[in-house]
Amino acid sequence: MSEQTVSTAAVQADPLKQTATGVRPISWKYPITYAVLAALAVLFVLTIPAGARTHFRLSSGGDFFEIPLVELPSRPAGWILAVILVALAGLAIWQASRRIRTRLWLPLLFGVLFVLAFLVWAGADRGAVIPLVTMLTGALALSVPLIFGAMCGLVGERSGVINIAIEAQLLAGAFLAAVAASVFTSAYMGLVFAPIAGALVGALLVFFSVKYQVNQIIVGVVLNVLIIGLTGYLFSTALTQNPELWNARQQLPRLPIPGLSQIPIIGPVLFNQTILVYLMYLIVGLLNIFLFRSRWGLRTRAVGEHPKAADTVGIKVNRMRVYNVILGGAIAGLGGAFFTIGQGLAFGKEMSAGAGFIALAAMILGRWHPIGALLAALLFGFSTSLGNTLATIGTPVPSEALLMLPYVITIFAVAGFVGRVRPPAANGTPYVK
Amino acid sequence: MSASGSQQGMTPAPKPEHQSPWAEAEGRLSRALRELGQTSWVVTVLAVVVALVVGAVLILAANRDVQASLSYFFAQPTAFLETAFQVLREAYSALFRGAVFDWQAPSAARSIRPLTETMVYSVPLILAGLGIAIGFRSGMLNIGGQGQIILGATSAGFLGYALSLPVGLHVLLALAGGILGGAIWGGIAGVLKARTGANEVIVTIMLNNIAIYLLAYLLQQQWYKQTGSNQPLSSSVDESAQLFSLLGSGFRLHAGFLIAILATLGVWWLLERSTLGFEFRAIGENPEAARTAGINVPKATALVLVIAGGLAGLGGAAHVLGTEYRLAGGVAGTLGFDAITVALLGRSKPLGTFLAGLLLGGLRAGGVLMQAQTGTPIDIVLVLQAVIVLMIAAPPLVRAIFFLPHADGRPRIRRRSARRKTEAAAGTSSSRQPELQTASTSGASSAEPPSAESSSSESPNSTTQEPGK
Amino acid sequence: MKLELRGVTKRFGSFTANDRISLTVAPGEIHALLGENGAGKSTLMNTIYGLYSPDEGEILLDDREVSFNGPGDAVAAGIGMVHQHFMLIPVFTVTESVALGYEPTRAAGIMDMAVARAKVLEISARFGFDVDPDARIEDLPVGAQQRVEIIKALSRDARVLILDEPTAVLTPQETDELITIMGQLRDSGTSIVFITHKLREVRAVADRITVIRRGAVVGETSPQSTETELAGLMVGREVNLTTAKEPADPGEVSFEVRGLTVLSSADKVVVDDVDLSMRRGEILVIAGVDGNGQSELAQTILGLRTPVAGSILLDDQDLAPLSVKQRLAAGLGFVPEDRSTDGVIGAFTITENYVLDMYDRPPYAGGPGNVALRLPVMREAAQTQAERFDVRMGTVDDPISTLSGGNQQKVVLAREMSRDLRLFVASQPTRGLDVGSIEFVHRTIIEERDKGTPCLIVSTELDEALNLADRIAVMYRGKVVGIVPASTSRDVLGLMMAGVPADEAQAQAATHHTVLAEADEQAEAEENQ
């Protein structure tokens with residue numbers, strides 16, 4: 001009898017978990033968003049003057065194939081894009097009504113086409129050329145520190161330590177990279193020292209938040225102030241007094257990958273980059289594998305979700321957090337290096353300019369997932385690059401609106417519009433036995 | 001969440017007459033020392049000392065004379081020490097003369113001017129700091145002081161030069177506009193948190209950046225800035241909208257300081273003596289219990305951030321109407337983040353915040369003179385400020401640095417567990433009142449074992465609870 | 001494996017949680033550790049498991065002294081523990097949960113999930129568990145989660161298995177299965193330490209019993225001891241296991257719940273078409289295994305949750321449009337389930353907690369629109385009520401977290417019962433309390449009933465239900481399975497708690513006795529002798 005009941009008991013589903021089919025309302029948020037955007041695309045077309053043309057430049061300076069300017073008749077091109085967008089929106093509505101989960105390609109395709117439609121409209125008859133490749137290169141360049149920063153935040157937060165100090169880590173990385181590169185007159189030495197700077201800030205973060213259990217957000221905020229002050233102070237003293245020694249410009253050389261870098265449009269954007277960018281690809285890829293499939297990843301996630309449970313199986317919770325935050329700091333330090341040696345610039349005061357906060361936003365929008373964070377950071381980088389481009393060609397849309405976009409999107413995200421964002425359960429909670 | 005093993009409810013009451021064995025073993029002197037380490041103001045003073053030491057190291061490191069004397073340190077160690085002492089004395093005396101009392105000034109009025117400058121700098125810090133402090137007391141980490149100050153300044157400044165009104169009315173209306181601007185900005189975060197549970201830390205950080213771009217946009221619009229030039233700078237606030245000067249010409253001290261005093265008293269009454277403040281403190285300490293007791297938590301949450309934003313907005317307004325008179329992109333400087341420091345330093349108490357605002361204002365005012373006279377960049381003030389807060393947030397570290405015994409003679413790590421249950425709320429949203437007074441607030445429950453008997457006060461299937469519950 | 005403790009002492013500050021505890025668990029023995037809430041059982045087990053290090057004394061395994069630097073060492077030495085609050089990570093799969101800390105890996109630290117999965121399947125097969133290795137923990141019922149915990153311990157070759165209050169979350173029938181599993185483990189040579197405060201289980205399962213009280217061992221005894229003897233040892237005085245009460249004298253119907261349906265935040269049905277009707281002056285206990293919608297029902301009555309269907313009527317007034325505050329003002333007294341999260345605010349003073357749901361109305365508030373607090377009035381009222389409810393405290397200005405759980409609960413009761421009540425709702429009012437406090441709470445509730453207030457009590461403890469109730473409603477998966485008189489047998493209630501309708505449960509219970517019910521009958525026979 002007992003065996004029999006064991007099996008019946010196991011069949012029971014948790015009473016709280018039974019799905020009440022038909023009760024759950026259909027989520028109309030996404031379809032409505034698509035519909036609104038598609039309608040906007042139609043509106044774009046309607047406001048394009050007849051016979052207008054839009055010019056795109058698809059090549060950058062050093063291309064293997066010189067692709068001539070692409071000239072599109074604005075209205076027909078706009079109509080084609082708008083019709084596809086309307087069709088996609090219709091598909092999304094149909095899928096929602098049948099409760100079919102939409103796949104990732106839909107928002108991606110929709111986003112790309114919508115941006116194209118926007119550009120066709122924005123560039124119509126302005127006599128300006130839209131430098132597509134330059135814009136994409138700029139987008140990637142703006143994204144690189146964000147991606148490094150988001151990975152840093154992710155590594156820490158997955159183990160339960162909130163990192164508001166990404167900004168400080170980027171700034172410290174930028175600073176030490178510039179100084180080391182300048183002192184050793186080698187950009188690669190900057191690459192060696194940048195992670196150390198980030199890791200040191202990470203070490204301060206865990207020193208106060210893990211050892212002394214000071215509120216992690218507070219420590220993060222204060223570390224930002226500290227590093228801004230410290231780098232600003234050193235910049236105003238040593239770096240300004242003797243820039244040849246301390247703050248001479250050094251740049252990491254571009255290392256085009258043979259073959260891949262020849263691909264039109266994508267090639268020069270993605271594969272004619274410095275080692276720092278390739279490192280970024282590597283880190284995102286490795287994190288994506290290791291976080292979910294390795295011992296380190298399993299333990300990291302355990303410590304971030306339920307530290308006491310991890311402790312009971314012999315995992316040293318606080319040690320794990322210390323390692324992870326310091327590792328994250330090193331990653332962010334590399335990201336900071338991009339500001340200086342990655343772009344061949346000397347260090348400037350507060351040159352990270354809030355990138356750490358956008359990185360934080362990207363991590364949240366990416367739901368603490370490496371790929372999600374990567375996409376979010378790219379989106380943010382792109383919107384900023386688009387803003388810069390529009391500012392130069394002059395469109396009715398103020399560039400500030402696009403610069404604000406990442407922050408606005410993030411607010412929508414945390415307000416639950418982009419689905420439930422669920423942080424690691426023990427995020428921000430100090431662990432004391 | 002269930003990670004917090006603290007089950008204080010189940011443990012037998014500690015008997016107060018029992019002294020800890022460690023405490024009994026201590027002599028009278030060490031007990032006196034221990035009590036010293038416990039008083040918060042001592043920690044504050046020591047934290048300032050640590051910060052000044054860190055600052056000293058930075059000043060010395062950047063000073064060329066010191067560097068030069070260091071190069072022949074082994075030949076002439078006294079030369080190095082003398083130079084170092086000289087440099088520090090100059091720097092810190094400039095800091096003091098700039099902040100409190102300038103004995104080198106030509107006239108009596110000039111020599112007390114630094115103190116009034118400190119007050120001027122402290123006005124927005126106190127006002128915004130009070131806003132942040134209310135948030136802390138209500139369990140909300142409002143990082144959005146910056147954005148709220150900007151919005152306050154943006155609206156107050158605009159009303160100040162765009163309208164033409166009689167003297168008293170104009171300034172009142174501009175101030176009200178500032179309060180409203182900040183309140184709206186704080187209210188966005190508050191309403192979102194109340195309605196959707198959106199984490200206020202993230203939302204306020206994002207709103208800070210949005211505010212910066214908003215102001216940048218407005219300063220390019222002619223209807224807004226009303227100058228006729230292309231500079232991203234607004235026209236000046238009308239005299240009728242300026243906060244009147246308290247000490248006449250030669251001094252910048254304005255009526256904003258009186259507003260700061262009134263606001264301090266008002267916030268004290270609100271938090272300690274009003275039913276609304278009772279609600280704020282209740283949701284700050286334990287929102288679940290507050291909800292069960294019938295408190296409308298979403299409404300109170302939204303209201304906290306509206307009031308906090310309003311205070312920060314008032315701070316921004318006072319800054320523009322009393323000191324700056326015109327708007328530029330960087331009008332708020334780092335005031336928003338400094339305000340967080342002020343609230344932390346003041347331990348989220350109104351009077352403490354007021355004094356901390358004066359302290360930070362003093363650092364600012366003194367930093368200006370220090371930069372002018374000794375060439376020490378004012379950025380060092382940021383470092384001092386950060387070090388002070390870090391030290392105050394970790395009293396055991398301060399005690400360790402100064403070899404003071406633990407607050408109660410026990411390993412203090414145990415004492416925190418009693419509070420962890422409530423902190424353990426949810427993920428990022430578990431933003432609780434900042435843990436600054438761990439020694440004093442959890443001291444009462446300190447004798448309890450962290451998990452002497454983990455009986456079933458938690459729901460047994462707590463492993464399946466959603467974060468956020 | 002043989003486990004021996006010699007003079008183990010553990011202090012937290014001035015409080016001695018374990019005072020020179022010595023005990024020996026023989027190989028292949030089920031050793032029960034009996035003690036009330038707060039006696040120090042879990043502290044002792046956490047010490048054995050390496051979570052705490054003892055201040056004095058030694059732990060011996062097979063006569064060799066060991067010292068653990070953390071749970072990892074204890075596990076390596078062959079000690080496994082199933083915690084009362086499961087140490088499982090909700091978002092992990094069963095395989096990940098079992099592997100955590102002992103992950104089989106391939107190159108570069110990449111996990112070998114196939115090996116981990118095979119291990120889960122192998123152990124499940126050995127003990128006849130039906131556990132899906134790929135299921136997510138948060139999707140599993142509590143009983144299955146417990147089996148995952150046992151698999152976790154066994155996968156590390158535990159030869160001493162500590163079970164901390166393992167039956168708290170189980171129906172009597174599920175408890176039976178657990179007892180079977182424990183028997184299997186014992187027969188395979190595993191020593192089991194079984195921690196509980198339930199006398200009945202101890203007698204049914206244990207080979208030997210050690211009783212601890214206030215952190216010290218007060219006796220070792222055999223399962224042949226009677227319940228009264230065990231209870232006496234455990235509490236240190238003679239205990240009345242049942243609270244004396246007059247038969248109910250129910251008046252007219254005053255509280256009704258009709259067709260109430262409530263969804264969880266994840267849109268799952270947690271209260272499913274519930275009908276209840278209560279008369280003045282009766283106690284209705286909602287029984288059931290934790291997590292079957294009882295808490296949500298209570299919360300909905302208070303107004304913390306909004307039902308999607310149905311109505312709640314108090315003296316023919318629909319409560320639906322009223323806020324929590326208005327319901328409390330309308331004469332609803334509410335004692336929440338989790339005192340420390342919902343009932344009190346630990347950092348607030350006793351006074352502030354006493355007025356927690358009355359602070360904004362006279363006499364505690366004054367001024368225009370009741371904006372200002374009247375501190376002296378609040379303090380005086382708290383003082384008077386605390387004395388009436390015999391709250392042991394320093395002053396009313398102390399933070400309530402300085403009080404013991406029982407005294408905190410007294411403050412909650414004092415607060416709720418200081419108003420004129422038309423309905424009293426209490427969720428798990430005695431959870432985690434010592435016997436003395438339990439008696440006090442029960443007496444207070446019965447007094448309230450005798451004043452004519454309908455009392456709705458949610459309890460997962462069958463003992464409490466049987467002791468307190470005039471009628472018992474059993475909930476399972478959000479539905480009321482049946483409402484039965486308080487004289488119903490444990491077996492029938494147990495089956496109802498697993499979802500079997502009342503009449504069917506009667507029939508089944510007549511043929512299948514659970515081990516616990518048999519022990520119960522035996523106990524009754526002994527008492528009668």
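# Exercises on a predicted model

In chain A, 76% of the contacts with a separation of 6 or more join residues 24 or more positions apart. The model is predicted. Work through each task, then read the solution.

## Exercise 1: Chain A as a whole

Task: State how many helices and strands chain A has, and what share of chain A is buried.

Solution.
- Step 1. Count the elements. Chain A has 17 helices and five strands.
- Step 2. Turn to burial. Chain A has 433 residues, and 57% of them are buried.

## Exercise 2: Two helices side by side

Task: Decide whether α5(A) and α11(A) are roughly parallel or roughly antiparallel.

Solution.
- Step 1. Locate the helices. In chain A, α5 covers residues 132-158 and α11 covers residues 275-293.
- Step 2. Read the geometry. Their axes come within 10 Å and cross at roughly 30°.
- Step 3. Apply the cut-off. Angles under 35 degrees count as roughly parallel, so α5(A) is roughly parallel to α11(A).
- Step 4. Add the handedness. α5(A) and α11(A) make a left-handed crossing.
- Step 5. List the partners. α5(A) contributes Leu140(A), Val144(A), Ile147(A), Phe148(A), Met151(A), Leu154(A), Val155(A) and Arg158(A). On the α11(A) side, the residues include Leu276(A), Met280(A), Ile283(A), Leu287(A) and Phe292(A).
- Step 6. Sort by class. The contact of α5(A) with α11(A) has 17 nonpolar residues, no polar ones and one charged.

A helix rule helps when reading such lists. An α-helix has 3.6 residues a turn, so residues three or four places apart point the same way.

## Exercise 3: A covered helix

Task: Find how many residues of α15(A) are buried, then describe the contact of α15(A) with α17(A).

Solution.
- Step 1. Check burial. Eleven of the eleven residues of α15(A) are buried. Among them are Ala355(A), Gly356(A), Phe357(A) and Met363(A).
- Step 2. Find the partner. α15(A), residues 355-365, and α17(A), residues 399-414, have axes that come within 10 Å and cross at roughly 40°.
- Step 3. Name the handedness. The crossing of α15(A) with α17(A) is left-handed.
- Step 4. Name the residues. Ile358(A), Ala361(A), Ile364(A) and Leu365(A) of α15(A) touch α17(A) through Pro406(A), Tyr407(A), Ile409(A), Thr410(A), Ala413(A) and Val414(A).
- Step 5. Sort by class. Nine residues of this contact are nonpolar, one is polar and none is charged.
- Step 6. Look past the end. Just after α15(A), Arg367(A) has a positive phi of about 50°.

## Exercise 4: A crossing in chain C

Task: Decide whether α4(C) and α5(C) are roughly parallel or roughly perpendicular.

Solution.
- Step 1. Take the angle. The axes of α4(C) and α5(C), residues 142-155, come within 10 Å and cross at roughly 105°.
- Step 2. Apply the cut-off. Angles of 65 to 115 degrees count as roughly perpendicular, so α4(C) and α5(C) are roughly perpendicular to each other.
- Step 3. List the partners. Lys119(C), Ile123(C), Ser124(C) and Phe127(C) of α4(C) meet Ile151(C), Leu154(C) and Ser155(C) of α5(C).
- Step 4. Sort by class. The contact of α4(C) with α5(C) holds four nonpolar residues, two polar and one charged.

## Exercise 5: Unusual backbone angles in chain C

Task: Compare the loop positions and accessibility of Ala108(C) and Asp390(C), and find the cis peptide bond at Pro363(C).

Solution.
- Step 1. Recall the background. Most residues other than glycine have a negative phi, and most peptide bonds are trans.
- Step 2. Take Ala108(C). Its phi is positive, about 60°, although Ala108(C) is not a glycine. Ala108(C) lies in the loop between α3 (94-99) and α4 (113-127) of chain C. Its relative accessibility is 61%, so Ala108(C) counts as exposed.
- Step 3. Take Asp390(C). Its phi is positive, near 55°. Asp390(C) sits in the loop between α13 (375-388) and α14 (405-416) of chain C. Its relative accessibility is 35%, so Asp390(C) counts as partly exposed.
- Step 4. Find the cis bond. It joins Pro362(C) and Pro363(C), with omega about 5°. Pro363(C) is in the loop between α12 (350-354) and β17 (365-366) of chain C.

## Exercise 6: Cysteines and a histidine

Task: Give the number of disulfides over all chains, then decide whether His306(A) is buried or exposed.

Solution.
- Step 1. Apply the cut-off. A disulfide needs two cysteine sulfur atoms within 2.5 Å. The count is zero over all chains.
- Step 2. Check two cysteines. Cys152(A) is buried at 1% relative accessibility, and Cys455(C) is buried at 0%.
- Step 3. Place His306(A). His306(A) is in the loop between α12 (295-305) and α13 (307-312) of chain A. Its relative accessible area is 3%, so His306(A) is buried.
- Step 4. Add a distance. His306(A) and Gly285(A) are 21 residues apart in sequence and 26 Å apart in space, C-alpha to C-alpha.

Conventions: Residues are numbered from 1 along each chain as its sequence is written. Chains are lettered from A and ligands numbered from 1 in the order in which they are written. This is a predicted model: local features need pLDDT of at least 70, side-chain atom pairs count only at pLDDT 80 or more; totals for chains, interfaces and linings use all residues. Side-chain values use heavy atoms; hydrogens and water are left out. Helices (H or I, at least four residues) and strands (E, at least two) are DSSP runs, numbered from the N terminus. Buried means under 20% relative accessible area, exposed over 50%, partly exposed in between (1.4 Å probe, protein chains only). Axes are lines fitted to C-alpha atoms, for helices over the stretch in contact, and angles run from 0 to 180 degrees between N-to-C directions. A crossing is left-handed if the near helix is turned anticlockwise from the far one by less than a right angle, and right-handed if clockwise. Contact means heavy atoms within 4.5 Å. Ala, Val, Leu, Ile, Met, Phe, Trp, Tyr, Cys and Pro count as nonpolar, Asp, Glu, Lys and Arg as charged, and the others, Gly among them, as polar. Angles under 35 degrees count as roughly parallel, over 145 as roughly antiparallel, 65 to 115 as roughly perpendicular and the rest as oblique.
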